[in-house]
Amino acid sequence: MKKLLFLTLIFSINVSCFYFGNDDDDITDPIHSAYEAVTISRESLENSTELIGVQPSKESGKIYVKDHYLIINEPYKGFHIYDNSNPESPIKIGFLKILGSTDISIKGNVIYANNAIDLIAITINPAFNEIEVTKRVKNIFPKLVSPDGFYHNSESKEEEIVLDWNLKTN
């Protein structure tokens with residue numbers, strides 16, 4: 001009974017969201033996104049993952065704990081890595097640049113992360129001194145949609161990957 005009620009509710013919500021248009025023959029301007037896509041070529045995306053020095057934190061995302069390390073996401077940029085041996089005073093030790101990233105998972109010495117629309121596996125050494133991208137599964141995640149619900153419109157969609165969206169200034 002609960003399934004039937006749930007399905008009826010979902011169906012009602014979907015039906016109420018449809019736009020049936022109007023009967024006017026007037027053609028109006030298409031609606032455009034208020035945001036501008038930040039894109040990168042596939043080749044640049046695949047060569048962009050690296051371990052770099054400490055970077056300033058601008059926005060924080062998900063937090064992950066691995067042994068005595070804190071790993072904090074900078075949405076769509078990468079991950080700040082902290083030595084958390086002393087939890088009262090964590091020390092920033094580096095930044096794992098993974099463009100288009102929002103989430104990671106770690107098993108052993110392998111980090112799994114989204115790299116825009118790809119899933120990558122990165123082998124790390126225990127002290128976070130070196131990394132190597134060991135596996136890439138392309139196009140496994142959906143393309144990033146603008147905050148107002150638009151997809152990037154480009155003729156070279158296959159080679160141009162959306163990393164983020166910026167609000168247009170004019």
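With which residue does Arg 42 form a salt bridge, and how far apart are the closest N and O atoms? In this predicted model, the partner of Arg 42 is Glu 46, and the closest N and O atoms of the two are 2.9 Å apart. Both residues belong to helix α2, which covers residues 42-46, and they are four residues apart, or about one turn of that helix. Arg 42 counts as buried because its relative accessibility is 8%, which falls under the 20% cut-off, whereas Glu 46, at 28%, counts as partly exposed.

## Salt bridges

The structure holds seven salt bridges, and three of them are set out in the table below. Side chains of opposite charge can pair when their charged atoms come close.

| Salt bridge | Closest N and O atoms | Placement |
|---|---|---|
| Arg 42 with Glu 46 | 2.9 Å | both in helix α2 (residues 42-46), four residues apart |
| Asp 103 with Lys 62 | 2.9 Å | loop between β6 and β7; loop between β2 and β3; 41 residues apart |
| Asp 118 with Arg 136 | 2.9 Å | strand β9; strand β10; 18 residues apart |

Asp 103 forms a salt bridge with Lys 62, and this pair links distant parts of the chain, with Asp 103 in the loop between β6 (91-97) and β7 (104-107) and Lys 62 in the loop between β2 (50-52) and β3 (63-66). Asp 103 counts as partly exposed at 33% relative accessibility, and Lys 62 is likewise partly exposed, with a relative accessible area of 49%.

Asp 118 forms a salt bridge with Arg 136, and this pair too links distant parts of the chain, Asp 118 being placed in strand β9 (residues 118-124) and Arg 136 in strand β10 (residues 131-137). At 0% relative accessibility, Asp 118 counts as buried. Salt bridges that share partners join Asp 118 and Arg 136 with Arg 42, Glu 46 and Lys 138 into one network.

## The two sheets

One open sheet has four strands in the order β7-β8-β9-β10, with antiparallel pairing. Its edge strands are β7 and β10, each of which pairs on one side only, and the twist averages 25° from one strand to the next. Within this sheet, β7 and β8 run antiparallel and are joined by four bridges, and the bridge partner of Ser 105 is Tyr 112 in β8. These two strands form a hairpin with two residues between them, in which Gly 108 takes a positive phi near 65°. The strands β8 and β9 also run antiparallel, joined by six bridges, and here Asn 115 has Asp 118 of β9 as its bridge partner; Asp 118 is thus named both in this backbone pairing and in the salt bridge with Arg 136.

In a regular strand the side chains alternate between the two faces of the sheet. For β7, the covered face carries Ile 104 and Ile 106, while the uncovered face carries Ser 105 and Lys 107.

A further open sheet has five strands in the order β2-β6-β5-β4-β3, again with antiparallel pairing. Because β2 and β3 stand at the edges, each with a single partner strand, one side of each is left without a neighbour in the sheet. Neighbouring strands of this sheet are turned by 25° against each other on average, with direction ignored. The edge strand β3 pairs with β4 in the antiparallel sense over four bridges, and the bridge partner of Ile 63 is Ile 72 in β4.

## Nonpolar cores

In soluble globular proteins, nonpolar side chains tend to be buried together. The largest nonpolar core has 14 residues, of which Leu 96, Ile 98, Ile 104, Ile 111, Ile 122 and Phe 128 touch the most other members. The elements that give two or more residues to this core are β4 (69-74), β5 (78-83), β7, β8 (110-115) and β9, and the largest share, three residues, comes from β9. Ile 104 thus appears both in this core and on the covered face of β7.

Leaving aside neighbours within four places in sequence, Ile 98 is in contact with residues including Thr 49, Tyr 76, Phe 79, Ala 113, Ile 120 and Ile 122. A second, separate core of seven residues includes Ile 40, Leu 45, Leu 99 and Ala 116.

Notes: Residues are numbered from 1 along each chain as its sequence is written. This is a predicted model: local features need pLDDT of at least 70, side-chain atom pairs count only at pLDDT 80 or more; totals for chains, interfaces and linings use all residues. Side-chain values use heavy atoms; hydrogens and water are left out. A salt bridge is a side-chain nitrogen of Lys or Arg within 4 Å of a carboxyl oxygen of Asp or Glu. Buried means under 20% relative accessible area, exposed over 50%, partly exposed in between (1.4 Å probe, protein chains only). A nonpolar core is a set of buried Ala, Val, Leu, Ile, Met, Phe, Trp, Tyr and Cys residues joined through side-chain atoms within 4.5 Å. Contact means heavy atoms within 4.5 Å. Two strands pair if DSSP finds at least two bridges between them. Axes are lines fitted to C-alpha atoms, for helices over the stretch in contact, and angles run from 0 to 180 degrees between N-to-C directions.
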